[in-house]
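Here are some short exercises on rings and surface charge, each with a worked solution. Keep the structure open as you go.

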Amino acid sequence: MTTARIEKLDRLIEASVSAREAQTGSLLRQSFRRLKRSPMAVTGAVIVGLFVVVAVLGPVIAPYDPTAQTWGKEVFLNRNIFPGPRAENWFGLDHLGRDMFSRMIVGARQTLLVGVVATLIGFVAGAVIGGVAAAAGTFGGRWGERVEAVIMRAVDVALAIPMLLLALSVAALLGPSLSTVMIAVGVAQIPIFARLLRGSMLAQAHSDYVLAAVSLGVPKGRIVVSHILPNSLGPVIVQATLVLATAIIEAAALSYLGLGNPDPGSPEWGTMLADAQRFLSGAPQLAIYPAVGIIVTALGFTLLGEAMRESLDPRLRRQE
Amino acid sequence: MALLEVEDLRVAFGNATAVDGVSFSVEEGRIVGLVGESGCGKSVTSLAVMGLLPKGRGGRRAKAPEPVQAAAAEPAPGAVKAAAAAPQAVPAGGGRRSRGGADVSGRAVFDGTDLLALTPAAMRRRRGKDLAMVFQDPLSSLNPVVPIGRQITEVLERHRGLKGAKANQEAASLLDRVGIPDPVRRLKEYPHQLSGGMRQRVLIAIAVACAPRLLIADEPTTALDVTIQAQILELLKDLVEDEGTALLMITHDLGVVAGMCDEVNVLYSGRVVESAPVRELFARPTHPYTVGLLGSIPKLDLPIHEPLTPIRGSIADVIRWKDGCAFAPRCDRVAEACVDGEPPLIGSAHAHRCVRAEEVA
């Protein structure tokens, strides 16, 4: 009884000490500290980290040239013979006798590139649109409110279009290429970012410290840039990590539909998936590798994003 | 002439009238209290004086010559009042609905200029420099992601043109003046790293950064515990005495009023019901509402288990001031005369708005 009570007391003291430690440092440092304790965040970070390393080092660590049809004579398409995993080719061979393991590794780079660039396009354009709308609506008077209404209705219309359809139309317009995929996926994300930032900024615009800043005669533009914006970016940054996952999947989907990089030699997970489809009954492993790659990567970004959202959310912060 | 002279201030949100003809004045170097319960219009009054209320569109519409209203042939402020009093007279579908904006009328004369008539840009130049405000909740009134030093220098830069190291130096000396130890180190800290009392001190430092002539404190101690309350009030009092700043103190705490203020205005349902020097008010409360407020304060010398004496009802059940005394439904001494037309403000030095004051006293 007494020992149990002492243990409990110790635990309480420990908790209060760590709580006090957690209160020092900036908000970001605090969030980071919480992040390190979350298994979800750590798992996500490990996956993402691994993926980024592979993507960056790609051609250096790949054991073979991903485009060389070195073992072409060992593959017999009409008899469904695709040599599976073996000592020299860990993931086996694809339909042209290329090393799947090397193709997976080198393909990671394009996947990451497309995901990051598409997310950046969506983030920057969406943030500008949403930011302008929120600033105009809050401080622009009657005209500003009209500007905001026009912008946001346009965003609503864009949101109503299914994302893949929007991306497909953009891709069809620009013709199949790698940059097409980036732009298409990025454009499809713009309305989401615009809406999110606007909502977040409007919430901040009605907060007490903005009123306090107004009461001190701080100019409007200054209030938007140095008070409202820094407080509104949190959810948008989190959304960006989540969108990164979606962007990777969508980029793969566009490649799968034949709108990606037209170069058949250049390895890309979505294109690899599309190629594997023809041999699905005979060699399902060819589809499984890129599919698992896409899923795990998207999962990693999603886990990290979700954990970040939780650690930055002040409402959840109190529950610790 | 007083530093701030508020005359017949009216604020309406759509059809709801929050402030219904408030008049009071603040002399230089004096502390004036604005007292009342939640919803009586004290905060709205202060926000209106600072020009911080969102602009409504109703005012514009009411001033436009409308055939039905023109028959009443009233001046513009009256037209707003009429619109508020008779909502059905205003076509609800006319124009876009306002986003909860406020229609403000009346005058708030500060040192010879009517603040309510200033352009937004002119008002912005005065806010923070000539008149500043201390808000109720010190945590939410500070930007959580900006170090406090930056939040102070922002004002110094804007109104006093101080920059860089000079501004930092001035910010540190301001923090020192409001009693924050180790000010240079504190400049780099974020609001969440400070205690509640410290945060309120920072807010006060920001408010007095440009030596305003009028300081408005909107319940500056409500979010703090009692010992810190006393310190903050003492600090405000010192600052006012040193600088000769006028202080408009908005509070629901009569204890604060007794300890701080020179003059008191008691607000009820958007109107001043009693206005007097502080000793006078506590010695001879005249309006039944003031009497009730004073009676509901717990006293140390009361016997144990003696219940407190509340004012019955709540501020929700009001009569419009036009039709009689808005306090009548809650008043113990209500009579026919109370709901027989608008009660006037009687007296000057110790003014009250009760038609039965002689009989009650």
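**Exercise 1: a ring pair in chain B**

Tyr268(B) and Phe327(B) are both buried, where buried means under 20% relative accessible area and exposed over 50%, with partly exposed in between (1.4 Å probe, protein chains only). This is a predicted model, in which local features need pLDDT of at least 70, side-chain atom pairs count only at pLDDT 80 or more, and totals for chains, interfaces and linings use all residues. Residues are numbered from 1 along each chain as its sequence is written, chains are lettered from A in the order in which they are written, and side-chain values use heavy atoms, without hydrogens and water.

Task: classify the pair of Tyr268(B) and Phe327(B).

Solution. Start with the rule: rings of Phe, Tyr and Trp (its six-membered ring) pair if their centres lie within 6.5 Å; planes under 30 degrees apart are stacked, over 60 edge-to-face, the rest tilted. Next, the centres of Tyr268(B) and Phe327(B) are 5.1 Å apart and the planes are at 80°, so the pair is edge-to-face. Finally, place the partners: Tyr268(B) is in strand 9 (residues 263-268) of chain B, and Phe327(B) is in the loop between helix 13 (288-295) and strand 11 (351-352), 59 residues apart. Helices (H or I, at least four residues) and strands (E, at least two) are DSSP runs, numbered from the N terminus.

**Exercise 2: counting and clustering**

Task: how many aromatic pairs are there over all chains?

Solution. The rule gives eight. One of them joins Phe51(A) and Trp269(A), tilted, at 5.8 Å centre to centre and 55° between the planes. Both Phe51(A) and Trp269(A) are buried. Ring pairs also link Phe51(A), Trp269(A) and Phe301(A) into a cluster.

**Exercise 3: a residue in helix 10**

Task: is Asp242(B) buried or exposed?

Solution. First find Asp242(B) in helix 10 (residues 226-243) of chain B. Its relative accessible area is 63%, so Asp242(B) is exposed.
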